[in-house]
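Biologist: I've got a structure open on my screen and I'd like some help reading it. Could you walk me through it feature by feature?

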Amino acid sequence: MSTGTTTLDVVVSDVVPVNELVTRFHFRRRDGGLLPTFSGGAHVVVEMRDGDRTRLNPYSLMGSPLDTREYTISVRRDDAGRGGSLFMHRQVKPGLEMVISYPVNLFSLDLRAKKHLMLAGGIGITPFMAQTSQLAGAGGNFELHYTCRTASLGTYADVLQQRYGSRVKLYHDDRGERIDLDRLLSSQPLGTHLYVCGPAGMINWVRDRAASLGWPLETVHFEHFAAPQPGAPFDVTLAVSGKTIHVGEQQSLLEAMEAAGVDPPYLCRGGVCGQCETNVISSDGKFIHNDHWLSEEDHRSGCKIMPCVSRFEGKSLVLER
Amino acid sequence: MGITFRKETFRDDYTFRNSPDHIRRFPFPFNEDSYMYAVNIEPHVVGPKGSVLENLIDVDEHYVAEMQDRALVLAEDPLRCQSLPHMTLAGWDLLELLMEQQALGYPEHFTLERNGDRWRWINRPLGIDDTFTFGDTSTLPYGPMEYITRQSQGDFCILDQRDGNLWMDAGMVTTQADWSLDFDIGMNFFEWHAPVPLAHEKGIFTRALKFLTNIQQGKPARRLNWTMTINPRLDTSPENYHKWGPDRATVTPENVGQKVHLRVELQSFWRLPRSNAIVFPIRCYLIKMDELVTQPKWARRLHRVIRDLPEELATYKGLTRYRPTLVEWLSKLDDGSPTSPGFGPD
Ligand code: FES
């Protein structure tokens, strides 16, 4: 992780199954000291040594920012994914020494808000665990609406209700419960900021409704780390480093570059921070842009790519790096 | 052994001086005989012992006098220190950063004791011994930012990050080179750099903003900037232009060495942990020509740099009026021999 972020040497101090899909991991500093303070909404990038592969996945910190003796993250098992979550679930045991990045916050609270309205879907609850702790500690005004498939998959729903009572509203898909979004959005006091984290569909729905109900863009915050999608393998030439590399089916372009000894910068590894942006020198084929960083115009132009999440299908691709 | 703090002034009788040790540690900003504007940003890591980079927050012999000067500026003009209401948390972040760094670098002068939220801060040079509750503003005589920056050298701008931009929403600015916090407060990065006339300059600002918004916790960055000031005046604010502006016409061949000062700003950029804001400390170092030329390498090099400075740059830095006098004076100290590479004196 040389060009990404400063790293921390940690040891896994606990692994706690939360429900059938989600497991919580606790990290402490190997030297026993305090971990760096962070702000609600921050994530860390966890380095996983999986055989000869190194995976780097971002996870939101969900503990209280006021307590830095340990960091906690929650990982949802994704059986169809590229294997990072499976590695966490299967290989990571208490006592394992790991390396994680310093916290980075790409989903921070807007501290000017008079009220924070939070919408979470599924595992998208994790950043709100820290944000609600932070706000509650400071007497902040917040309200959390949390949708999950079933009660048993309502990760931390019980904890949140116990802590915050009626400030937390739950919606279970299997009972046909749905957020009455238009009503919710229309009934907020002036100065409310909206935060949404969950599946892409939910984020798009909330952003659309907020926009059409006249919420100013700056008051709507969202976090969606697109996990890199698997896809057809392809070859890339890197002009500056003079290398030609192969991107495997289960590998992201960023990972392939790293494996080849090129160290592009990154922060989120999820297509949202802009740090890994790379110029395309020439291409013959089709880009599969999965990022949320580049504009549509950039996407159409084919002049830029975000190697952490985007792919390519075609004859040839030359990038600047 | 600790630092011996000087008794000196930055106004009226201008008794400001650098001791010989401090002349040698001056952050001379030119590593070659010419100066080209560049975005010279590098990681802010600890540098050589005895340099201004020995600690990430530098405290030097001017500390006490600078803090007294700051108090005078604030008494006249309280708007030099402002913090919008949502920036209080960032103020606590900054308080922690500065207390930690000062106590770490100068244990003989500063002590920080933490007992949960109960903190005790001892600042021996200023005779302060306060116990307070971290996070509870009512336990300090000022807001957290004002409290700690009345005890820390340099100016501090705290920038809130939102909507992919940075907002100048808090600051303590009393030693600035001709800009005003009161004017910039609440502005975003593009607004406070406005007007930006050329598209290509816009590109530079967009890149700079991208760099700054990506500053990470645990990975501060820094850059050096320089200008010149007539008389060792810390406060060269637009509000006080009438006091310092006319000084530029007072430089004569006889007083160059005493009046003309090289002013170097060490700017660093830090991500603050609780608020996710960025703090931008701007530490100002002054050295008069008579002191600077005690290092022959610097004298020769400065002569060449100032002589060859492009006209627009000289105008931008406000040197036009006295540049010929200064170059003439420095030329007598330049024997034409080569200068060694690097910033340091020989
Ligand atoms: S690393 Fe953040 S967009 Fe690629």
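Biologist: Let me start with a single residue: does Tyr14(B) count as buried or exposed?

Modeller: Keep in mind that this is a predicted model. To sort residues, look at relative accessible area, where buried means under 20% and exposed means over 50%. Tyr14(B) comes out at 17% relative accessibility, so it counts as buried. You'll find Tyr14(B) in the segment before helix H1 (20–24) of chain B.

Biologist: What does the backbone look like at Tyr14(B)?

Modeller: Check phi and its sign. For Tyr14(B), phi is near 45°, a positive value in a residue other than glycine. Chain A has a case to set beside that one: phi of Tyr156(A) is near 65°, also positive and also not in a glycine.

Biologist: Where does Tyr156(A) sit, and is it buried or exposed?

Modeller: Tyr156(A) is in the loop that runs between strand S9 (142–148) and helix H3 (157–164) of chain A. Its relative accessibility is 4%, so Tyr156(A) counts as buried.

Biologist: And how would I read something in the middle of that scale, say Gln68(B) in helix H2?

Modeller: Values between the two cut-offs are called partly exposed. Gln68(B) belongs to helix H2 (residues 63–76) of chain B, and its relative accessible area of 48% makes it partly exposed. You can also use Gln68(B) to get a feel for distance: its C-alpha is 37 Å from that of Pro310(B), a residue 242 positions away along the chain.

Biologist: Let's zoom out. What is chain A built from, and how compact is it?

Modeller: Count the elements, then compare the radius of gyration with a rule for globules. Chain A has 7 helices and 17 strands. Its radius of gyration is 20 Å, close to the 20 Å that the rule gives for 321 residues, so chain A is as compact as a globular protein of that length. The C-alpha trace spans about 60 × 50 × 35 Å along its principal axes, and 53% of the residues of chain A count as buried.

Biologist: How does chain B come out on those points?

Modeller: Chain B has 13 helices and 10 strands. A compact globule of 346 residues would have a radius of gyration near 20 Å, and the 20 Å of chain B agrees with that. The trace of chain B spans about 60 × 50 × 40 Å, and buried residues make up 58% of the chain.

Biologist: What share of the contacts in each chain joins residues that are far apart in sequence?

Modeller: Take contacts between residues at least 6 apart, then ask how many of those join residues at least 24 apart. In chain A that share is 69%, and in chain B it is 70%.

Biologist: What about the surface and the charges?

Modeller: Chain A exposes about 13,800 Å², with carbon and sulfur atoms supplying 48% of it. For chain B the accessible surface is about 14,800 Å², and 56% of that belongs to carbon and sulfur atoms. As for charges, chain A has 33 positive and 36 negative ones, with mean positions 3 Å apart. Chain B has 39 positive and 48 negative side chains, and the centres of those two sets lie 3 Å apart.

Biologist: Now strands. How do S1 and S2 of chain A pair?

Modeller: Here's the general idea: in a regular strand, side chains alternate between the two faces of the sheet. Strand S1 (residues 7–17) and strand S2 (residues 22–29) of chain A pair in the antiparallel sense over 7 bridges, and a hairpin of 4 residues joins them. One spot to click on is Pro17(A), which stands opposite Thr23(A). S2(A) also pairs with strand S5 (residues 71–76) of chain A, again antiparallel, over 6 bridges. There, Phe25(A) has Ile73(A) as its bridge partner.

Biologist: What is the strand order in the open sheet of chain B, and which strands are at its edges?

Modeller: The order of the 7 strands is S1-S8-S9-S10-S6-S7-S2, with antiparallel pairing. The edges are strand S1 (42–43) and strand S2 (81–83), each pairing on one side only. Inside the sheet, S8 (residues 221–230) and S9 (residues 260–271) of chain B share 10 bridges, and Ala221(B) is partnered by Phe269(B) in S9(B).

Biologist: Last one: what do the buried residues of helix H13 of chain B pack against?

Modeller: Pick out the buried residues, then see which elements they touch. In H13 (residues 323–331), the buried ones include Trp329(B) and Leu330(B). The buried residues of H13(B) pack against S8, S9 and helices H9, H10, H11 and H12 of chain B.

Note on methods:
Residues are numbered from 1 along each chain as its sequence is written. Chains are lettered from A and ligands numbered from 1 in the order in which they are written. This is a predicted model: local features need pLDDT of at least 70, side-chain atom pairs count only at pLDDT 80 or more; totals for chains, interfaces and linings use all residues. Side-chain values use heavy atoms; hydrogens and water are left out. Two strands pair if DSSP finds at least two bridges between them. Helices (H or I, at least four residues) and strands (E, at least two) are DSSP runs, numbered from the N terminus. The radius of gyration is taken over C-alpha atoms; the globule rule is 2.2 Å times the number of residues to the power 0.38. Buried means under 20% relative accessible area, exposed over 50%, partly exposed in between (1.4 Å probe, protein chains only). Contact means heavy atoms within 4.5 Å. Accessible areas come from the Shrake-Rupley method with a 1.4 Å probe; for residues, only the protein chains shown count as cover. Lys and Arg count as positive and Asp and Glu as negative; His and the chain ends are not counted. The place of a charge is taken as NZ of Lys, CZ of Arg, CG of Asp or CD of Glu.
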